[in-house]
Each structure stands twice: as structure tokens, then as C-alpha cells.
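Student: Hey, I've just opened a structure I've never seen before. Can you walk me through it?

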Amino acid sequence: MAEALFRELVRDSGDYQVASAGVAAMPGQPASRHTADILDAAGIDMSHFSSQPVTAALIDSVTHIFAMGMHHIAAIEAEFPEAADKVFLITEFAADDKLRGRDIVDPFGMSRSAYENLRSMLEQILPSVKAFIDSTHKSTPS
């Protein structure tokens, strides 16, 4: 869901490539039914989404990594210590004090309302993530 919402947020912003991966993801899985339904209602198509695990190649190819929880950061840094300077908690830059620094709970297997709550939180958090990227990443001229 975070990938799709962020992709939508930066759609007209030019130099963005957005991907998601999981520290324990099974490759090739579709988005959960609730995620697909909620995003479909917002006009975001998830039919082509396919999960992927975090890999060294992916880590090497990105400028920023945003993790949903501190345990994800720990797992990434343990397996890919070279990524430590580019991995952040997704809520680290949230404008809302109640959200800043908080782990985001994966609603997998929970009710649709848990997924709707996640969408609401992500919609509050992601503009701050974009602002952080915009302030720290300098794109190279082509």
C-alpha cells in the first residue's frame, strides 16, 4: 500500500523510481485483497503488483529506504550493513507528533478497517517522506 500511495504522490514529480520489498516477503505475491480493494476505490490499480524480497541488488540501486518498523531497520542493517546510512523509519519525518517515530503495524490478516487506518496514516506520513527525499537527494543531470 505504501508503494502504491507514494507512487501516486510522486507521479508528476519527475525523477522518482518507487519500489517496495519485504524483509520476509515471498516473491510474486499479489497485493492483499483489502489493499487492492481500498486502492482500487481510489483509482489506484494494484493488479500488476508482485511482492519481492529485499536483495543486495535492490539495496545497491536505491538512494533511500523507508522501513515500516524498527525491526525492519534492524533486519536490513544486519544483512546489509552498507545500507545503514540510507535506511529510515517511514514515520521519522511525520509532521504529526503522534505518528513521528512510531512503528507501522502490518495489517495482514486483519479487518478492512485496519487497512483503512493504515491508508489514512500513510496519507499523512508520505508527504513528509517526499519532502525529506526532495531535500536530501540531488538528481544528476542527464
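Student: Let's start somewhere specific. Which helix does Lys130 lie in?

Tutor: Lys130 is part of helix H5. Keep in mind that this is a predicted model.

Student: Okay. Is Lys130 buried or exposed?

Tutor: Lys130 is buried, because its relative accessible area is 18% and the cut-off for buried is under 20%.

Student: What does Lys130 touch, leaving out residues up to four places away in sequence?

Tutor: Its contacts are Phe6, Leu9, Val10, Ser13 and Tyr16. The side chain of Lys130 also makes a polar contact with the side chain of Asp134, at 2.7 Å.

Student: Phe6 is on that list. What else does Phe6 touch?

Tutor: Again leaving out residues up to four places away in sequence, Phe6 touches Tyr16, Val18, Leu126, Val129, Lys130 and Ile133. Phe6 is also one of the buried residues of helix H1, which covers residues 2-9. The others are Ala2, Glu3, Ala4 and Leu5.

Student: And which helices do the buried residues of H1 pack against?

Tutor: They pack against helix H2, residues 33-41, and helix H5, residues 112-136.

Student: Let's talk about cores. How many residues are in the largest nonpolar core?

Tutor: There are 25, and the ones with the most contacts inside this core are Phe6, Leu122 and Ile125. H1, H2 and H5 are the elements that give two or more residues to it. The largest share comes from H5, with eight residues.

Student: What's in the second core?

Tutor: The second core is separate and has 10 residues, including Val54, Ile65, Ala67 and Phe80.

Student: Switching to charges now. How many salt bridges are there in the whole structure?

Tutor: A search finds six. One of them joins the side chains of Glu3 and Arg7, at 2.5 Å from N to O.

Student: Where do Glu3 and Arg7 lie?

Tutor: Both are in helix H1, four residues apart, and that is about one turn of the helix.

Student: Are those two buried or exposed?

Tutor: They fall into separate classes. Glu3 is buried, with a relative accessible area of 17%. Arg7 is at 39%, so it counts as partly exposed, since that class lies between the 20% and 50% cut-offs.

Student: Which residue does Arg11 pair with?

Tutor: Arg11 meets Glu8 in a salt bridge, side chain to side chain, at 3.1 Å from N to O. Arg11 counts as exposed at 57% relative accessibility, while Glu8 is partly exposed at 34%.

Student: What about Glu116, what does that one bridge to?

Tutor: Glu116 forms a salt bridge with Arg112, and their closest N and O atoms are 2.9 Å apart. The two are separated by about one helical turn because they sit four residues apart in helix H5. As for exposure, Glu116 is partly exposed at 36% relative accessible area. Arg112 is partly exposed as well, at 32%.

Student: Is there anything to say about Thr136? Where is it found?

Tutor: Thr136 is in helix H5, and it is partly exposed, with a relative accessible area of 40%. Its side chain reaches the backbone oxygen of Phe132 at 2.9 Å. A polar contact of 2.9 Å also joins the side chains of Thr136 and His64.

Student: How far apart are Thr136 and His64 along the chain?

Tutor: They are 72 residues apart along the chain, with their C-alpha atoms separated by 9.6 Å.

Student: Let's zoom out. How many helices and strands does the chain have?

Tutor: Five helices and two strands. Going from the N terminus, the order is α-α-α-β-α-β-α.

Student: And what are the overall dimensions?

Tutor: The C-alpha trace spans about 40 × 35 × 30 Å along its principal axes. The radius of gyration is 15 Å, which agrees with the value near 14 Å for a compact globule of 142 residues.

Student: How much of the chain counts as buried?

Tutor: Of the 142 residues, 36% do. The chain exposes about 8600 Å², and carbon and sulfur atoms supply 53% of that.

Student: Last one. What share of the contacts with a separation of 6 or more comes from residues 24 or more positions apart?

Tutor: Those pairs account for 60% of them.

Notes: Residues numbered from 1 in each chain as written. Predicted model: local features only at pLDDT ≥ 70, side-chain atom pairs only at ≥ 80, totals over all residues. Heavy atoms only, no water. Buried < 20%, exposed > 50% of the residue type's maximum accessible area, 1.4 Å probe, protein only. Contact = heavy atoms within 4.5 Å. Core = buried A, V, L, I, M, F, W, Y, C linked by side-chain atoms within 4.5 Å. Salt bridge = Lys/Arg side-chain N within 4 Å of Asp/Glu carboxyl O. Rg over C-alpha atoms; globule rule 2.2 N^0.38 Å. Areas by Shrake-Rupley, 256 points an atom, 1.4 Å probe, with all protein chains shown as cover. Polar contact = N/O pair within 3.5 Å; in protein donor to acceptor, adjacent residues only side chain to side chain.
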